[in-house]
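Trainee: Got a minute to go through this one with me? I'd like to start with a single residue and work outward.

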Amino acid sequence: MSGFGYEVNPQEGGEGLTLLAPEEVMAKVEVCEMRPVKNNPAHEYIAVEAMILDGDQAGKKAYINFTVIQENDEWAKWSRDDFDRLTHALGFDPGAGPKDPGDLLGKDFVLKITVKPPKGDKGPSNKFYFKRAGSVAAFTPQAAKPAASAGAAPWKRAANG
């Protein structure tokens with residue numbers, strides 16, 4: 001997973017993805033939708049595709065996935081917290097977020113791309129951080145927020161909600 005300290009969507013070389021070089025860039029959300037998990041279609045994840053708008057990698061895409069429900073509740077919580085960080089970077093109030101994934105389309109944000117070194121049998125992967133466009137705030141961890149109620153949007157619900 002990712003955001004601040006957790007890996008969101010390892011963007012590893014292979015399966016058609018190219019490792020992105022470390023850089024802080026402007027990006028725009030082009031796709032945001034719920035997709036079924038391949039090995040468990042009963043579960044869904046949020047798939048975000050962001051176009052890199054400037055820098056050495058302008059025109060490339062970053063693929064950022066967020067777990068909605070996972071057997072590992074802690075992992076799902078990290079993913080929901082990371083999605084909150086992305087939506088905050090897109091201008092939504094912390095903890096409130098969008099009502100629908102499509103609400104993120106066309107919104108700009110600053111994407112900090114880092115590379116996580118190889119570990120064990122896994123190759124290097126990208127790790128992403130998010131902040132608001134025009135923000136001068138440094139990239140620093142944010143405190144975790146409590147899980148949203150069962151009446152919230154699917155990506156805001158607790159793992160068992």
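Trainee: OK, Glu-49 first: buried or exposed?

Mentor: Glu-49 is buried, because its relative accessible area is 12% and the cut-off for buried is under 20%. Keep in mind that this is a predicted model.

Trainee: Where is Glu-49 in the fold?

Mentor: Glu-49 belongs to strand β2, which covers residues 40-52.

Trainee: And what does the Glu-49 side chain make a polar contact with?

Mentor: With the side chain of Arg-35, at 3.2 Å.

Trainee: Which residues does Glu-49 touch, leaving out those up to four places away in sequence?

Mentor: Lys-28, Val-29, Glu-30, Val-31 and Arg-35 are on the list, and so are Lys-61, Ala-62 and Tyr-63.

Trainee: Back to Arg-35. What stands opposite Arg-35 in β2?

Mentor: That's Tyr-45. Tyr-45 in turn stands opposite Thr-67 in β3.

Trainee: How many bridges hold β1 and β2 together?

Mentor: Ten, with the two strands antiparallel. A hairpin of two residues connects β1 to β2. On to the next pairing: β2 and β3 are antiparallel as well, over seven bridges.

Trainee: What does β1 do with β4?

Mentor: Strand β1 (residues 23-37) and strand β4 (residues 108-116) run antiparallel, joined by six bridges. One example is Val-25, whose bridge partner in β4 is Leu-111.

Trainee: And which residue in β5 is the bridge partner of Leu-111?

Mentor: Phe-130. Seven bridges link β4 to strand β5, residues 125-131, and those two run antiparallel.

Trainee: Can we zoom out for a sec? What's the pattern along the sequence?

Mentor: It reads β-β-β-α-β-β, made of one helix and five strands.

Trainee: How much of the protein counts as buried?

Mentor: 40% of its 161 residues. As for the surface, the protein exposes about 8,300 Å², and 52% of that comes from carbon and sulfur atoms.

Trainee: What about contacts between residues at least 6 apart in sequence: what share join residues at least 24 apart?

Mentor: That share is 58%.

Trainee: New topic, rings. How many aromatic pairs are there?

Mentor: The count comes to two. One pair is Phe-66 with Phe-83: the ring centres are 5.1 Å apart and the planes sit at 75°, so the pair is edge-to-face.

Trainee: Why does 75° make it edge-to-face?

Mentor: Because planes over 60 degrees apart count as edge-to-face, and the angle for Phe-66 and Phe-83 is 75°. In general, you describe a ring pair by the distance of the centres and the angle of the planes.

Trainee: Where do Phe-66 and Phe-83 sit?

Mentor: Phe-66 is in strand β3 (residues 61-67), and Phe-83 is in helix α1 (residues 73-89). They are 17 residues apart, so the pair links distant parts of the chain. Both Phe-66 and Phe-83 are buried.

Trainee: Which lysine lies over the face of Tyr-129?

Mentor: Lys-112 does, at 6.0 Å from the ring centre.

Trainee: Last one, Lys-116. Which strand is Lys-116 found in?

Mentor: Strand β4.

Trainee: And why does Lys-116 count as partly exposed?

Mentor: Because its relative accessibility is 33%, and partly exposed is the range between the buried cut-off, under 20%, and the exposed one, over 50%. The C-alpha atom of Lys-116 is 6.3 Å from that of Lys-127, with the two positions eleven residues apart along the chain counted as their separation.

Conventions
Residues are numbered from 1 along each chain as its sequence is written. This is a predicted model: local features need pLDDT of at least 70, side-chain atom pairs count only at pLDDT 80 or more; totals for chains, interfaces and linings use all residues. Side-chain values use heavy atoms; hydrogens and water are left out. Helices (H or I, at least four residues) and strands (E, at least two) are DSSP runs, numbered from the N terminus. Buried means under 20% relative accessible area, exposed over 50%, partly exposed in between (1.4 Å probe, protein chains only). Contact means heavy atoms within 4.5 Å. Accessible areas come from the Shrake-Rupley method with a 1.4 Å probe; for residues, only the protein chains shown count as cover. Two strands pair if DSSP finds at least two bridges between them. A polar contact is a pair of N or O atoms within 3.5 Å; within protein, one must be able to donate a hydrogen and the other to accept it, and residues adjacent in sequence count only if both atoms are side-chain atoms. Rings of Phe, Tyr and Trp (its six-membered ring) pair if their centres lie within 6.5 Å; planes under 30 degrees apart count as stacked, over 60 as edge-to-face and the rest as tilted. A charge sits over a ring if NZ of Lys or CZ of Arg is within 6 Å of the ring centre and within 35 degrees of the ring normal.
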